[in-house]
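Reader: I am new to this structure, and I would like a close look at just one part. Please walk me through the pairing of charged side chains, and then show me what lies around it.

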Amino acid sequence: MAKNQFQKVRGMQDILPADQIAWQHIVQTFTEICEAAGLSRISTPILEDAQLFIRGVGEATEVVHKEMYTLTDRGKGVLALKPEGTAGVVRTYLENGMPSWPKPVGLFYIEPLFRYDRPQEGRYRQHHQLGVEIFGVDSPTADVHTIALANRFYTRLGLATSLQVNSIGSLEARKRYQEALRDYFKPHEPKLTDLAKKQLGSNPLRLLDSKEANMQELIEKAPQILDYLDKSSKEHFAAVLEALDDLGIGYDVNPRLVRGLDYYNQTVFEFKGTRQGSQDSLGGGGRYDGLVELLGGQPTPAVGFGLGLERIKLELEATGHKLEAQKPDVYVVYLGSEAQKAALTLSEKLLDDGLSVRIDLTTKTMKDQLARASKFEAKYALIIGETELKAKKAILKDLKTGNQEPVDVAKASEKLAVLLSS
Ligand code: HAM
């Protein structure tokens, strides 16, 4: 076979018809759960000013430093394909006067994101996140409400996840912790990569995200953030854990969890699935009380998360969740070209009435058509032969039992609706 002239770009994925069943199920479940909790959907453009991420997410993060796709806007500045969703949502929050909306402002999104990462299963250069951002509330209750929403979503999909939580403290506590990390890593500076050296200067917290093999032992022995929390951060975190206990949401405190983006403070969390390796994070988030101000707004507490759609789909497959395409309610079968016209009119009417219908649009033998009705696992067939055509009737056949009876074409839809609802 001749090789296709074009292939998809490395790290990109087609979402084929067979993938769409699970995809739509995930999207729909997430949408229902967000809307039930009073959140409103938002979409932001794929392209943003690159500075939004450099400033908002942090220049020393892997996501911005190594993985961000940038392009020049015909000589008018540097744009980025958005590598994450939060900064764009904060930008639109400020640009569209949302700070004056009644608090909290709760938004959700389902968006493609782009990261120039090394592609492998569960890690793509275009992936999609199901995200939530809630602005204007600083209570531990808001953190737990947000975590519970993600937890409810996984549960409703039938996934058993494990939750890891940590606190990276107030912005002041983080500064003290960063100093401790700087002192700890400084003697090892000559061995560090260029990015790690940069991180040591600008944000040593990022050294803890490193996937470099020779860094793992150092990271393991590094000072832990929980020892640097101030009183109010400790109280905030204790209240989060208590509320999780009250709701019966299981968790592990992971003192090494710092998340890979600079904007977080206080509570951070991550959901893991059963698949192992560096792609085991099914989603994560946390509080980011400084970001709105950093991007030009008034100080505004905020909390949110992003869940990886592709990884959730892989997890559903890995744990044996089979989602099947909707089976047709009825297959319309005909004999001859006059009956074909009547069959088309009938099938359009059935579709108008909201039934799921299939019809062969090229002339085929009745045997072929019935074979296809079985292949598609249609529940019923409506058969129009020469005799039925003259009598304005069709034979309604139950394809499971083989029972059949004549029905008036005009009443076929009504009759099917009754049968399908019983
Ligand atoms: P993140 O941890 O970078 O957070 O990404 C969230 C989730 O997106 C990950 O847990 C993973 O499931 C999925 N993901 C990330 N990168 C890839 C990739 N290359 N391929 C496939 N899936 C991927 C954020 O992006 C934050 N904006 C989340 C957030 C919202 N925090 C507060 N609000």
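Author: Let's begin with the term you will need: a salt bridge is a side-chain nitrogen of Lys or Arg within 4 Å of a carboxyl oxygen of Asp or Glu. By this rule the count comes to 27 salt bridges. Some of them join up, and Arg259, Glu270, Lys272 and Asp280 are linked in a network.

A word on what you are looking at. The model is predicted, so local features need pLDDT of at least 70 and side-chain atom pairs count only at pLDDT 80 or more, while totals for chains, interfaces and linings use all residues. Residues are numbered from 1 along each chain as its sequence is written, and side-chain values use heavy atoms, with hydrogens and water left out.

Back to the network, starting with Lys272. This residue is found in strand β9, which covers residues 265–272; strands (E, at least two residues) and helices (H or I, at least four) are DSSP runs numbered from the N terminus. Lys272 is buried, at a relative accessible area of 15%, where buried means under 20%, exposed over 50%, and partly exposed in between, with a 1.4 Å probe and protein chains only. Its side chain also makes a polar contact of 3.3 Å with the side chain of Glu270. A polar contact is a pair of N or O atoms within 3.5 Å; within protein, one must be able to donate a hydrogen and the other to accept it, and residues adjacent in sequence count only if both atoms are side-chain atoms.

Another member of the network, Arg259, leads us to the ligand. There, 25 residues form the surroundings, and the closest are Glu84, Glu133, Arg259, Tyr264 and Ser281; a residue counts if one of its heavy atoms lies within 4 Å. By class, this shell has eight nonpolar, eleven polar and six charged residues. Here Ala, Val, Leu, Ile, Met, Phe, Trp, Tyr, Cys and Pro are nonpolar, Asp, Glu, Lys and Arg are charged, and the others, Gly among them, are polar.

Several side chains bring an N or O atom to a nitrogen atom of the ligand: Tyr264 at 2.6 Å, Tyr263 at 2.9 Å and His127 at 3.4 Å. The protein covers 95% of the 660 Å² of accessible area that the ligand has on its own, as computed by the Shrake-Rupley method with a 1.4 Å probe. Two or more shell residues come from each of β6 (126–135), β10 (281–287) and β11 (302–308), and β10 gives the most, with five.

Now for some salt bridges inside single helices. Side chains of opposite charge can pair when their charged atoms come close. Helix α4 (residues 86–95) holds Arg91 and Glu95, four residues apart, or about one turn of the helix. Their side chains meet in a salt bridge at 2.8 Å, N to O, and Glu95 is exposed, with a relative accessible area of 56%.

You can find a similar arrangement of partners in helix α9 (residues 231–247), where Glu235 and Lys231 are four residues apart, about one helical turn. The closest N and O atoms of their salt bridge are 3.1 Å apart. Glu235 is partly exposed at 46% relative accessibility, whereas Lys231 is exposed at 63%.

Then look at helix α12 (residues 337–352), in which Glu338 and Lys341 sit three residues apart, again about one turn of the helix. Their salt bridge is 3.3 Å, N to O. Glu338 counts as partly exposed at 48%, while Lys341 is exposed at 53%.

One more helix shows how buried and exposed residues can be arranged. In α15 (residues 412–421), the buried residues are Ala412, Ser413 and Leu416. Seen down the axis of α15, these fall within an arc of 90°, so they line one face of the helix; the arc is that of the directions from the helix axis to the C-beta atoms. On the other side of α15, Glu414, Val418 and Ser421 are exposed.
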